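Biologist: Could you walk me through this one? I'd like to hear the reasoning behind the labels, too.

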Amino acid sequence: MRKLMIFAIAAASLSGAAVAQDFDLMQFADTDSNGKVSAEEYAAFVEQGWGFISQGAESVKVADLDPMMQGAFSGVPVNAEGVITHAAYTAATPDRFKAADKDGDGSLSKEELTATMAPSS
C-alpha cells in the first residue's frame, strides 16, 4: 500500500492536476472511506508526501526540486536560503488544509484535495 501511496503522490505532483483528477487520491487520503478528508487524514497524507519528496531529509531546497513537485509545497514558508524544513512543512499543514477547504465545511472533497497537489504556476 505504501508503494501505491508514493506513486499517487508522485503522479499528482509530477503530472499536474489533470492527471491527479484521473488518479483517485481519495483512496489514500480518505482512510475512513466516508467520501471526505478530515484535517487529521490530510495531515497524515501530506506527511507521507514529505517522506516521498524529501527522501528522509529534514529539509529540501525548493529550487532543486522538479517544478512539478514544487506544488506540494504551496503555502509552506521558505527560508532565506530557499529551503523548507520538515518542521515548517508540518506547521503549515493546518493553514494549508483551511485554505484548501474552499466550501468551509471542515473537510476536503475529492476536488479540493486534488487542487492541493497542483503544480505551482
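Biologist: What makes Ser33 count as exposed?

Modeller: This is a predicted model, to start with. Ser33 has a relative accessibility of 63%, and the label "exposed" asks for over 50%, so Ser33 counts as exposed. Ser33 sits in the loop between α2 and α3.

Biologist: What is there to say about the phi of Ser33?

Modeller: Phi of Ser33 is positive, about 55°, although the residue is not a glycine. Most residues other than glycine have a negative phi. Gln55 is another residue other than glycine with a positive value, its phi being near 55°. Gln55 belongs to the loop between α3 and β1 (59-61).

Biologist: And why is Gln55 called exposed?

Modeller: Gln55 has 63% relative accessibility, and the cut-off is over 50%, so Gln55 earns the label.

Biologist: Let's zoom out. How many helices and strands are in the protein chain?

Modeller: Five helices and two strands. Reading from the N terminus, the order is α-α-α-β-β-α-α. The protein chain has 121 residues, and 43% of them count as buried. Its accessible surface is about 6,400 Å², with 56% of that belonging to carbon and sulfur atoms. As for contacts between residues at least 6 apart in sequence, 52% join residues at least 24 apart.

Biologist: Which residues touch the most other members of the largest nonpolar core?

Modeller: Phe45, Phe73, Ile84 and Leu113, in a core of 27 residues. The elements giving two or more residues to this core are α2 (26-29), α3 (39-54) and α4 (86-100). The largest share, six residues, comes from α3. In soluble globular proteins, nonpolar side chains tend to be buried together.

Biologist: What does Ile84 touch, leaving out residues up to four places away in sequence?

Modeller: Its partners include Trp50, Val60, Val62, Phe73 and Tyr89. Glu58 and Ser59 are also among the residues that Ile84 touches.

Biologist: Now Glu112. How do you know that Glu112 has no salt bridge?

Modeller: The nearest side chain of opposite charge is Lys102, and that is 7.9 Å away. A salt bridge needs a side-chain nitrogen of Lys or Arg within 4 Å of a carboxyl oxygen, so Glu112 goes without one, although it is buried.

Biologist: What does the side chain of Glu112 reach, then?

Modeller: Backbone nitrogens: that of Lys102 at 2.9 Å and that of Ser109 at 2.8 Å. Polar contacts must be within 3.5 Å, so the pair with Lys102 passes on distance, and so does the pair with Ser109. Glu112 lies in helix α5 (residues 110-116), and among the residues it touches are Ala100, Asp103 and Ser107.

Biologist: Why is Ser107 called buried?

Modeller: Ser107 has a relative accessible area of 8%, and buried means under 20%, so the label follows. Ser107 is in the loop between α4 and α5, and its contacts include Lys36, Val37 and Phe97. Along the chain, Ser107 and Val37 are 70 residues apart, yet 5.3 Å separates their C-alpha atoms.

Biologist: How do you know that Asp30 has no salt bridge?

Modeller: Lys36 is the nearest side chain of opposite charge, at 8.9 Å. With a limit of 4 Å, Asp30 therefore has no salt bridge, and it too is buried. A polar atom of its side chain lies 3.1 Å from the backbone nitrogen of Asn34. Asp30 is in the loop between α2 and α3, where Gly35, Val37 and Glu41 are among its contacts.

Biologist: Back to helix α5. Are Thr114 and Ala115 buried or exposed?

Modeller: Thr114 has a relative accessible area of 4%, under the 20% cut-off, so it is buried. Ala115 comes to 52%, over the 50% cut-off, so it is exposed. Both Thr114 and Ala115 lie in α5.

Biologist: Where is the backbone oxygen of Lys110 relative to the side chain of Thr114?

Modeller: It lies 2.8 Å from a polar atom of that side chain. Thr114 and Met26 are 88 residues apart along the chain, with 8.6 Å between their C-alpha atoms. For Ala115 and Gly71, the sequence gap is 44 residues and the C-alpha distance is 9.6 Å.

Definitions and conventions: Residues numbered from 1 in each chain as written. Predicted model: local features only at pLDDT ≥ 70, side-chain atom pairs only at ≥ 80, totals over all residues. Heavy atoms only, no water. Core = buried A, V, L, I, M, F, W, Y, C linked by side-chain atoms within 4.5 Å. Buried < 20%, exposed > 50% of the residue type's maximum accessible area, 1.4 Å probe, protein only. Helix = DSSP H or I, 4+ residues; strand = E, 2+ residues; numbered from the N terminus. Contact = heavy atoms within 4.5 Å. Lys, Arg positive; Asp, Glu negative; His and termini not counted. Polar contact = N/O pair within 3.5 Å; in protein donor to acceptor, adjacent residues only side chain to side chain. Areas by Shrake-Rupley, 256 points an atom, 1.4 Å probe, with all protein chains shown as cover.
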